[in-house]
Amino acid sequence: MKGNTGNPLALTSLNHISLVCRSVEKSIEFYKNVLGFVPVRRPGSFNFNGAWLFSYGIGIHLLQSEDPEEMPKKTEINPKDNHISFQCESIDAVEKKLTEMGIKYARHLVEEGGIYVDQLFFHDPDGFMVEICNCDNLPVIPLAGEMARSCSRANIQLFQPQQTQKQSAVVQVPVIKP
C-alpha cells in the first residue's frame, strides 16, 4: 500500500450496505419483490436476527432493530437524504411498476449541459431512501487529468487507481433451489 496515494487502502469494490430494520421480514420482501435482490446465506454464528441479500454486484445486510418502535419514521421523500441509487434500463417502465405496486415516489429531472437524467426516489419499509435513475446519461468528469466517461460499470476499472500488487477475485454466486 505504500506509495499508493490514489487508493491508500487498496480498495477493490463496494461489498455491502447494512440497514437496521423495524421488521427484517418486511424488508426482505421489499428488497426481493421491488428491487430484485436474492436472499443468501449469512454466517450461522451470528446471534442476532438479520438477513443477507445480494444482486447487482452488492450485498444488502438487514439487521433487526433492538427497539423497532423507537426508530424514526420518515415519510417525506427528500432526494438530499442518505440513499442508495440503482441504474435502470427504462425509467418509464420503473415508474409504471412503482405505480402498480402502490409505492409513493418522487420524480426529478436533472439537466447538465443539455444532458438529462431522470430520477425516481422512494422509501423502503423503514424510510431508507432508494433512487432509480438513468444516470448513465451523465458523464463522470474527473476534476483533473482524465477524460470524461459515463457511469457505466464498463468504465469502473478506468477510474480505479492501479494496484501495486496483483489482486485475486473471489466470486460468490448464490445457489437458488427451486
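1. Secondary structure. The protein chain contains three helices and eight strands. This is a predicted model. Read along the sequence, the elements follow the pattern β-α-β-β-β-β-α-β-β-β-α. The pattern therefore opens with a strand and ends with a helix.

2. Burial and surface. The protein chain has 178 residues, and 31% of them count as buried. The area that the protein chain exposes is about 12400 Å². Carbon and sulfur atoms supply 54% of that area.

3. Contacts across the sequence. Take the contacts in the protein chain between residues at least 6 apart in sequence. Of these, 53% join residues at least 24 apart. Points 4 and 5 look at one residue each.

4. Val 20. Val 20 belongs to strand S1, which covers residues 16–21. The relative accessible area of Val 20 is 46%, so Val 20 is partly exposed. Once the neighbours within four places in sequence are set aside, Val 20 is in contact with Leu 63, Ser 65, Met 71 and Asp 126. Val 20 can also be compared in position with His 61: the two are 41 residues apart along the chain, and their C-alpha atoms are separated by 8.5 Å.

5. Glu 131. Is Glu 131 buried or exposed? Its relative accessible area is 4%, so Glu 131 is buried. Glu 131 sits in strand S8, residues 129–133. Apart from neighbours within four places in sequence, its contacts are His 83, Ile 84, Ser 85, Phe 86, Gln 119, Leu 120 and Phe 121. Of these, Gln 119 is 12 residues from Glu 131 along the chain, with 6.5 Å between the two C-alpha atoms. Residues 83–87 make up strand S5, and the contacts of Glu 131 include His 83, Ile 84, Ser 85 and Phe 86.

6. A salt bridge inside one helix. The whole structure holds seven salt bridges. One of the pairs is Glu 29 with Lys 32, whose side chains meet at 3.9 Å, N to O. Both residues lie in helix H1, residues 24–33. They are three residues apart, which is about one turn of the helix. Glu 29 is partly exposed at 39% relative accessibility, and Lys 32 is partly exposed at 32%.

7. A salt bridge with one buried partner. Lys 74 and Asp 81 form a salt bridge through their side chains, at 2.8 Å, N to O. Which partner is buried? Asp 81 is buried, because its relative accessible area is 18% and the cut-off for buried is under 20%. Lys 74 has 41% relative accessibility and counts as partly exposed.

8. A salt bridge between a helix and a strand. In the pair Glu 95 and Arg 107, the closest N and O atoms are 2.3 Å apart. Glu 95 lies in helix H2 (residues 91–101) and Arg 107 in strand S6 (residues 106–112), so the salt bridge ties together parts that are 12 residues apart in sequence. Glu 95 is buried, with a relative accessible area of 18%, whereas Arg 107 is partly exposed at 34%. Through salt bridges that share partners, Asp 92, Glu 95, Arg 107 and Asp 118 are joined into one network.

9. A charged surface patch. Which residues form the negative surface patch? They are Glu 66, Asp 67, Glu 69 and Glu 70. Asp 67 is found in the loop between strand S4 (58–64) and strand S5 (83–87). The relative accessible area of Asp 67 is 42%, so Asp 67 is partly exposed.

10. Backbone angles to check. Ala 10 has a positive phi of about 55 degrees, although Ala 10 is not a glycine. Ala 10 comes in the segment before strand S1 (16–21), and Ala 10 is partly exposed with a relative accessible area of 22%. Tyr 56 is another residue other than glycine with a positive phi, near 55 degrees. Tyr 56 lies in the loop between strand S3 (50–55) and S4. At 48% relative accessibility, Tyr 56 counts as partly exposed.

Key. Residues are numbered from 1 along each chain as its sequence is written. This is a predicted model: local features need pLDDT of at least 70, side-chain atom pairs count only at pLDDT 80 or more; totals for chains, interfaces and linings use all residues. Side-chain values use heavy atoms; hydrogens and water are left out. Patches are made of residues with over 30% relative accessible area and no salt bridge: like charges are joined within 9 Å, nonpolar side chains (Val, Leu, Ile, Met, Phe, Trp, Tyr) within 5 Å. Accessible areas come from the Shrake-Rupley method with a 1.4 Å probe; for residues, only the protein chains shown count as cover. A salt bridge is a side-chain nitrogen of Lys or Arg within 4 Å of a carboxyl oxygen of Asp or Glu. Lys and Arg count as positive and Asp and Glu as negative; His and the chain ends are not counted. The place of a charge is taken as NZ of Lys, CZ of Arg, CG of Asp or CD of Glu. Helices (H or I, at least four residues) and strands (E, at least two) are DSSP runs, numbered from the N terminus. Buried means under 20% relative accessible area, exposed over 50%, partly exposed in between (1.4 Å probe, protein chains only). Contact means heavy atoms within 4.5 Å.
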